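Before turning to individual side chains, it helps to settle how exposure to solvent is being judged. Please look over the sequence and the model, and then follow the explanation below.

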Amino acid sequence: MTDHREPADVRLDELFGAWRAEIDEVPLPSLVDPLRAVDVVIEAKKGNRGRVHPPPDGACTRPPGDAREEAV
């Protein structure tokens, strides 16, 4: 069967195919340990209950007082 595609398209397909083969040769390590991630989510749901903790560096991200009073 004759290939009726442009030579540049054929070459591009060859290059992408070779690149894909190289990528598939080297296994990629897992970026996240699934078991640890599940443990973290369970602990967060169990202990947090929707509370927001102050930032560890003491940064003040809200204006002093009740901002709702100023908005009225």
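A residue is called buried when its relative accessible area is under 20%, exposed when that value is over 50%, and partly exposed in between. Glu 14, with a relative accessible area of 44%, is therefore partly exposed. What is shown here is a predicted model, and the values that follow are computed from it.

The secondary structure consists of three helices and zero strands, so that, read along the sequence, the pattern is α-α-α. On the scale just described, buried residues account for 0% of the 72 residues in the chain. The chain exposes about 7400 Å², of which carbon and sulfur atoms supply 61%.

The structure holds three salt bridges, and Glu 14 takes part in one of them, its partner being Arg 11, with the closest N and O atoms 3.3 Å apart. Both residues belong to helix H1, where three residues, or about one turn of the helix, separate them. Arg 11 has 45% relative accessibility, a value that falls between the two cut-offs, and it therefore counts as partly exposed, as Glu 14 does at 44%.

Another salt bridge joins the side chains of Asp 24 and Arg 20, with a distance of 3.3 Å from N to O. Here, too, both partners lie in helix H1, but they are four residues apart, which is again described as about one turn of the helix. Asp 24 counts as exposed because its relative accessibility, 52%, is over the 50% cut-off.

The remaining pair is Asp 13 with Arg 5, whose closest N and O atoms are 2.1 Å apart. Asp 13 has a relative accessible area of 41% and is therefore partly exposed, and Arg 5, at 42% relative accessibility, likewise counts as partly exposed.

Charged pairs are not the whole account of the surface, and a nonpolar feature deserves attention as well. Which residues form a nonpolar patch on the surface? The patch is made up of Leu 12, Leu 15, Phe 16, Trp 19 and Ile 23, which together have about 520 Å² of accessible area. One of these residues, Phe 16, lies in helix H1, which spans residues 7-25. Helix H1 thus holds Phe 16 from the nonpolar patch, and it also contains the salt-bridge partners Glu 14 and Arg 11 as well as Asp 24 and Arg 20.

Conventions
Residues are numbered from 1 along each chain as its sequence is written. This is a predicted model: local features need pLDDT of at least 70, side-chain atom pairs count only at pLDDT 80 or more; totals for chains, interfaces and linings use all residues. Side-chain values use heavy atoms; hydrogens and water are left out. Patches are made of residues with over 30% relative accessible area and no salt bridge: like charges are joined within 9 Å, nonpolar side chains (Val, Leu, Ile, Met, Phe, Trp, Tyr) within 5 Å. Accessible areas come from the Shrake-Rupley method with a 1.4 Å probe; for residues, only the protein chains shown count as cover. A salt bridge is a side-chain nitrogen of Lys or Arg within 4 Å of a carboxyl oxygen of Asp or Glu. Helices (H or I, at least four residues) and strands (E, at least two) are DSSP runs, numbered from the N terminus. Buried means under 20% relative accessible area, exposed over 50%, partly exposed in between (1.4 Å probe, protein chains only).
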